[in-house]
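Open the model in your viewer and keep the selection panel at hand. The stops below go from the ligand outward to the sheets.

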Amino acid sequence: MQPLIELDDVSAGYKNNPVFAHLCLTIHEGQFAGIVGPTGSGKTTLLNTMLGTHKAHGGKVRLAGHSIERIPPGTIGYVPQLETVDWTFPVTVEQVILMGLYSNRSLWPWPTAKERQQVADLAEQLGIGECLSHHIRDISGGQQQRAFLARALINNPRLLVLDEPTSGVDIKTQHDVMHLLNDLNRQGITIIITTHDLNAVAAHLPWVVCFNRALVAEGRPREIFTRETLTQTYGGELVVLEQDGHFLVAHKPITL
Ligand code: ADP
Ligand code: MG
């Protein structure tokens, strides 16, 4: 497999808060990879650095060998974490999806009949064809997730990046989202997601990167989910339990 995203000695963070330093990480073409770590471990910062939307203060980020700053719009589809979306913004599902098409233009034009058809077809494929005229706030979490996924997919990106796509939705929707992403990956699109959920999400991924302000381990969950790597990834607040060869991460029991 060819490298798609390469981080070469990358350091990033915020004023007075360095998040990671000298990170080297490669995501290969065709992979479906999960970046796993607890809240505050730097997953979102890492994603935004990969996308070039958060500027690294050291090192180099490349996509297919080209500097991330020079990647043509539409190459990467990005789905934000639902919890971070401003829901007061008055837009319909159709307008959300159209934003993906127009993200590289400075003006908001009237959509052509062809563009509206393209949006309708994709919405239909993702099971939200009925919701196009609804306000984005008035649909379920699973439908919102699909609307943002459609916005990310409308340009046929080479890479799809989703920040915590299973957070803030119910278990059935989590399952549906993971199945959908799996199907898209089989169609050839490279996918990177972040998740803090070890048991329901990360354990089912073909490839995981355990991350806590530094790379802890990467590989197939079966091979790298050991007590050592999980304790290192999840830190002291959580305990790693083992049952029948499977690991669970749980809050420490309350001592009364
Ligand atoms: P995660 O996505 O794993 O929860 P984040 O990347 O959001 O982690 O956060 C990593 C660290 O960076 C945290 O300490 C967080 O408080 C800090 N951080 C995140 N976003 C900002 C920001 N915009 N300004 C300053 N600090 C931030
Ligand atoms: Mg985050």
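How many Å separate an oxygen atom of ligand 1 from an N or O atom in the side chain of arginine 213? The distance is 2.6 Å. Bear in mind that this is a predicted model.

**Stop 1: the ligand.** Keep ligand 1 selected and add lysine 43. An N or O atom of the lysine 43 side chain is 2.8 Å from an oxygen atom of ligand 1. Next add tyrosine 14, where a polar side-chain atom lies 3.4 Å from a nitrogen atom of the ligand. On its own, ligand 1 exposes 560 Å², and the protein buries 60% of that.

**Stop 2: the shell.** Now select the residues around ligand 1: Tyr14, Asn17, Val19, Pro38, Thr39, Gly40, Ser41, Gly42, Lys43, Thr44, Thr45 and Arg213. Colour them by class and you should find three nonpolar, seven polar and two charged residues. Which element gives the largest share of this shell? That is α1, with three residues. Both α1 (43-51) and β2 (17-28) contribute at least two residues each.

**Stop 3: the four-stranded sheet.** Select β2 and follow the sheet across. Four strands make an open sheet with antiparallel pairing, in the order β2-β1-β4-β5. At the edges are β2 and β5 (66-67), each pairing on one side only. Inside the sheet, look at β1 (residues 3-14) and β4 (residues 58-63): these run antiparallel and are joined by five bridges. To see one residue pair, pick glutamate 6, whose bridge partner in β4 is arginine 62. Helix α1 packs on this sheet and touches β1, β2 and β4. The direction of α1 makes about 60 degrees with that of β2.

**Stop 4: the six-stranded sheet.** Move to the second sheet, which is also open. Its six strands follow the order β6-β7-β8-β3-β9-β10, and the pairing is mixed. Why is one side of β6 (76-79) and of β10 (215-219) left without a neighbour in the sheet? Both stand at the edges with a single partner strand each, so one side of each has no neighbour there. From one strand to the next, the twist averages 15 degrees.

Zoom in on β9 (residues 207-211), which pairs with β10 in the antiparallel sense over four bridges. Cysteine 210 is opposite alanine 217 of β10.

**Stop 5: a helix across the sheet.** Finally, select α5 (residues 171-186). This helix lies across β3 (32-36), β7 (159-162) and β8 (190-195). Relative to β8, α5 runs at about 155 degrees.

Technical notes
Residues numbered from 1 in each chain as written. Chains lettered and ligands numbered in written order. Predicted model: local features only at pLDDT ≥ 70, side-chain atom pairs only at ≥ 80, totals over all residues. Heavy atoms only, no water. Near = heavy atom within 4 Å. Polar contact = N/O pair within 3.5 Å; in protein donor to acceptor, adjacent residues only side chain to side chain. Areas by Shrake-Rupley, 256 points an atom, 1.4 Å probe, with all protein chains shown as cover. Nonpolar A, V, L, I, M, F, W, Y, C, P; charged D, E, K, R; others polar. Pairing = 2+ DSSP bridges. Contact = heavy atoms within 4.5 Å. Axes fitted to C-alpha atoms, helices over the stretch in contact; angles between N-to-C directions.
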